[in-house]
Every structure is written in C-alpha cells, then in structure tokens.
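Please examine the sequence and the three-dimensional structure shown here before reading the report.

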Amino acid sequence: MATGGKVAIITGGNAGIGLTVAQRLLTEHPELTLCLACRSKPRAEAARDVLLLSHPKASISIVLVDTSNIKSVYQAAKQLKQMYNHVDYLYLNAGIMKVVGVNWDYFWKNLFSSKFIHMFTTGDGLLKEKEEITEEGLETVFATNVFGHFVLIKELEDILGQNGCPTQLIWTSSSNAVETHFDIDNIQHRNKEGGHYSSSKYSTDVLSIALNIQFNNKGIYSHVTCPGLVMTNLTFGILPSWFWNLILPIFWLLRIFVPTMNYDTYNGSEALVWLSKQQPESLDARCKYVSHCNFWGTRYVHQHKLKIEDKTADNLYQQLVQLEQTFNHK
Ligand SMILES: NC(=O)C1=CN([C@@H]2O[C@H](COP(=O)(O)OP(=O)(O)OC[C@H]3O[C@@H](n4cnc5c(N)ncnc54)[C@H](OP(=O)(O)O)[C@@H]3O)[C@@H](O)[C@H]2O)C=CC1
Ligand SMILES: CC(C)=CCC[C@@H](C)[C@H]1CC[C@H]2C3=C(CC[C@]12C)[C@@]1(C)CCC(=O)C[C@@H]1CC3
C-alpha cells in the first residue's frame with residue numbers, strides 16, 4: 001500500500017495523450033506513484049517500459065480495467081483500494097470514437113464559410129459514426145467514455161479526498177462536446193444517426209459539474225480538459241497517418257485561427273498537466289481547460305466557461321446513479 005507521496009491513476013495511460021500525461025507527470029512530480037489503468041496487459045507493460053527508460057526510478061504499477069465493462073471496473077476499483085489509501089490525481093482519460101468516415105461534402109461546403117473556425121475547432125458535422133452495444137447492454141461510447149469512469153469514481157470514493165489531501169478528477173473531454181448532440185432524456189444517445197462521441201463528451205462536462213456539487217465538501221474536485229486536435233490512434237481511426245503527416249504544414253497555418261490544432265500529444269496534454277500543478281480549490285469548476293498552441297509553438301491553457309445549468313447536472317448524476325444500481329454488483 002502506497003502511503004506517502006503523490007498518487008496518480010490514469011485510465012488509458014498506455015497510449016496517446018494518457019501516455020504523454022504519464023511521462024510529463026513523472027517529470028513534474030518526482031516522488032509520484034503512478035498507476036496505468038489500462039485494458040490490455042501487453043500494451044500497458046510496453047508503456048511502463050517506455051516510461052522507465054526516461055524515469056528509471058519511477059514507481060509504476062498496472063491495473064487492468066476495461067471502462068466499457070462495468071464488471072471489470074468493479075474489479076479494478078477493488079484492486080486500487082487495496083493498493084492506495086489516497087489518490088491525488090485521477091485522470092479519466094480512456095476514450096473511443098466509432099468513426100466510419102468523414103463527411104467531405106459538409107467539409108467542402110463550409111470550408112470558405114463563416115462556419116470554418118467552428119468546423120475545425122469542434123469537428124462538428126464532419127464525422128460519420130456507428131452505434132454499438134456492449135455485452136452488458138450499454139451504448140459502447142457512452143460506457144467507455146462516461147459511465148465506466150463514473151462507476152470507477154463512485155467505487156473509489158472511500159480513498160478520494162482523504163486525510164486533508166484533495167483529489168483532482170481530471171477528465172479528457174473534447175471541443176467536440178456540443179450541446180446539440182446531448183439529450184438529457186437519452187443520455188446513452190441510443191438509436192441516433194451520429195453524435196455519440198459528442199454526446200459522451202458533453203456528458204463528461206455536465207457530470208464534472210455535478211461531481212463538484214456533490215463532492216467539493218469532501219475534498220474532491222473535478223475539472224474537464226480539452227486537448228484540441230492531436231494525432232493519436234483515435235485520429236488514425238478517422239484518417240490514415242500518411243494523410244495527417246501530409247497536411248502537417250496546414251496545421252501550422254490553421255493555428256493562426258484555431259489554436260487547438262495541437263497536433264502532438266505534448267501540446268495536447270498541456271491543460272491536463274497544468275491542472276496537476278494548481279490548487280484545485282482555487283480553480284473554476286465551471287471552466288473547461290483547453291490546451292492551446294499558437295503559430296510560434298507557444299503552449300498555454302485557455303479557460304472556456306461552460307454554460308451548464310445545475311439542474312441538468314443533477315439530473316444526469318441521478319440517472320447515472322440509477323443506472324449503476326441496475327448492475328447491483330454487491
Ligand atoms: N486525439 C484527439 O484529437 C482528441 C482526443 N480526446 C480524448 O483524449 C482521450 C485519449 O485519447 P487519445 O490519446 O487521443 O487516443 P488513443 O486511442 O491513443 O488513446 C486512448 C486510450 O484509451 C484507452 N481505451 C480505449 N477504450 C478503453 C476501454 N474500454 N477501457 C480502457 N481503456 C480504453 C486506449 O487503450 P488501448 O491502447 O488498449 O486501445 C488508450 O490507452 C480520449 O478520451 C479522447 O476522446 C479529446 C479530444 C481530442
Ligand atoms: C485539412 C484538414 C485538417 C482536414 C481534416 C478534416 C477533419 C477530418 C478534421 C477537422 C477537425 C477535426 C477534429 C476532430 C477529428 C478530425 C477533424 C474532424 C476531432 C473531432 C477528434 C476528436 C476530438 O475529440 C475533437 C476533434 C476536433 C477537431
């Protein structure tokens with residue numbers, strides 16, 4: 001059981017933004033105890049090996065969790081509670097998007113219109129998605145990105161915000177989280193043509209506000225981040241890596257108008273790492289912390305105010321609590 005020093009758990013810490021956050025946290029917080037909460041043992045072990053190359057003395061453990069599978073989340077939470085008596089940073093980062101193609105018609109139609117900046121910032125309207133249901137009967141993107149993480153937080157509640165030591169819940173949300181795709185009466189976004197990813201990310205923004213309402217008095221603080229557009233396995237699932245390499249110069253130009261065109265995971269992880277260096281009590285719980293990179297390559301964190309009502313946040317929270325009760329693991 002880890003007793004002293006800071007503890008960070010990162011879901012999806014074996015690749016992309018999560019792996020870079022792990023790398024940067026080990027540099028920023030030398031005494032850190034790190035836990036990679038991942039779904040694949042070989043991929044998690046490979047990531048640990050990479051991290052140990054640059055931080056040979058680091059304490060890095062692995063806990064297997066598939067956030068789309070609630071049974072697996074319960075098992076992982078049990079294990080984590082045996083390993084740690086407190087958590088300083090819980091990064092809710094694992095995420096997926098079920099993209100089947102790009103809506104190029106929409107792209108060309110809006111390229112020279114007033115929607116240009118919105119289109120490149122959010123990707124709204126550009127992605128065609130498919131719906132999938134997990135073996136436990138949940139919509140897969142919702143389960144992976146939102147519900148699995150919600151259950152993890154609830155299960156870890158006993159070791160969060162302990163001994164006068166606050167816990168920061170840090171969500172990897174997205175600029176694609178747009179309200180138009182979110183329906184409080186259909187939080188899983190079932191039987192919809194697209195917008196599953198957007199709905200799930202908007203849900204994390206709403207949920208984060210609910211978590212602050214519920215848990216700030218227990219020393220648990222929740223914040224949402226946006227990494228912008230970053231080249232990872234997620235984006236290589238949208239378009240092949242050769243395409244993204246080819247348009248690299250366009251990213252630099254686009255940054256004049258769209259500073260979220262971060263391209264690499266180091267730029268994209270800026271807000272996630274910055275948050276770990278702040279006093280959580282002093283942060284605005286109703287802001288999204290966005291990683292920006294300007295034309296000259298300077299990284300900074302932009303605060304974007306969320307316009308979400310408490311009653312929506314509370315409604316979502318109650319629905320998630322009810323949904324969790326249907327799993328009734330105890
Ligand atoms: N890339 C981008 O432009 C943006 C990404 N984001 C968000 O950033 C987060 C990280 O994604 P990114 O680094 O880009 O993509 P990657 O695909 O590189 O990383 C995603 C991580 O999540 C893990 N993961 C996926 N599904 C599950 C699951 N069911 N259980 C446990 N772990 C899972 C993956 O594991 P495995 O390696 O085993 O697949 C991987 O470690 C996501 O939440 C994404 O939505 C937000 C905005 C923009
Ligand atoms: C010239 C050029 C850059 C073409 C690419 C067009 C689109 C494929 C991208 C434009 C904005 C992108 C974007 C995302 C995916 C790819 C685009 C739609 C995300 C939705 C990826 C996941 C996120 O969380 C947010 C991203 C916003 C921007």
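The report below describes the overall form, the sheet, the ligand surroundings and some individual residues.

## Overall form

The structure is a predicted model. Its secondary structure consists of 13 helices and ten strands. The radius of gyration of the protein is 19 Å, close to the 20 Å that the globule rule gives for 330 residues, so the protein is as compact as a globular protein of that length.

Measured out along the principal axes, the C-alpha trace spans about 55 × 45 × 40 Å. Of the 330 residues in the protein, 45% are buried.

## The sheet

Eight strands form an open sheet with mixed pairing, in the order β3-β2-β1-β4-β7-β8-β9-β10. Why do β3 and β10 each have one side without a neighbour in the sheet? Both β3 (59-64) and β10 (299-305) stand at the edges and have a single partner strand each, so one side of each is left free of a neighbour in the sheet. From one strand to the next, the twist averages 25 degrees.

One pairing may be followed in detail. Strand β1 (residues 7-11) and strand β2 (residues 33-38) run parallel and are joined by five bridges. Val7 has Thr33 in β2 as its bridge partner.

## Surroundings of the ligands

Around ligand 1 there are 30 residues, and those that come nearest are Gly12, Gly16, Ala94, Gly95 and Thr232. Three helices, α1 (16-28), α6 (140-156) and α8 (233-236), each supply at least two residues of this shell. By class, the shell around ligand 1 contains ten nonpolar, 17 polar and three charged residues.

Ligand 2 is surrounded by 16 residues, of which Gly123, Leu126, Ser174, Asn176 and Leu229 are the closest. How many nonpolar, polar and charged residues does the shell around ligand 2 have? The shell has ten nonpolar and six polar residues, and no charged residues.

## A region listed in a record

An unreviewed UniProt entry lists residues 234-254 as "transmembrane region". In the model, the chain over residues 234-254 is 76% helix and 0% strand. The C-alpha atoms at the two ends of residues 234-254 are 20 Å apart.

## Individual residues

Two residues may be considered for their backbone angles. His189 has a positive phi of about 60 degrees, although His189 is not a glycine. The residue is found in the loop between β7 (167-172) and α7 (196-215). Is His189 buried or exposed? His189 counts as buried because 23 C-beta neighbours lie inside 10 Å, and the cut-off for a buried residue is 20 or more.

Tyr263, also a residue other than glycine, has a positive phi near 65 degrees. Its position is in the loop between α10 (248-254) and α11 (265-268). With 20 other C-beta atoms within 10 Å, Tyr263 is buried.

Cys293 belongs to strand β9 (residues 287-293). Cys293 has 23 other C-beta atoms within 10 Å and is therefore buried. Although Cys293 and Met261 are 32 residues apart along the chain, their C-alpha atoms are separated by 7.2 Å.

Conventions: Residues are numbered from 1 along each chain as its sequence is written. Chains are lettered from A and ligands numbered from 1 in the order in which they are written. This is a predicted model: local features need pLDDT of at least 70, side-chain atom pairs count only at pLDDT 80 or more; totals for chains, interfaces and linings use all residues. A residue is near a molecule or strand if its C-beta atom, placed from the backbone, lies within 6 Å of it. Ala, Val, Leu, Ile, Met, Phe, Trp, Tyr, Cys and Pro count as nonpolar, Asp, Glu, Lys and Arg as charged, and the others, Gly among them, as polar. Helices (H or I, at least four residues) and strands (E, at least two) are DSSP runs, numbered from the N terminus. Two strands pair if DSSP finds at least two bridges between them. Axes are lines fitted to C-alpha atoms, for helices over the stretch in contact, and angles run from 0 to 180 degrees between N-to-C directions. UniProt positions are given in the numbering used here, feature names are shortened, and annotations may be inferred rather than shown by experiment. The radius of gyration is taken over C-alpha atoms; the globule rule is 2.2 Å times the number of residues to the power 0.38. A residue is buried if 20 or more other C-beta atoms lie within 10 Å of its own, exposed if 12 or fewer, and partly exposed in between; C-beta atoms are placed from the backbone.
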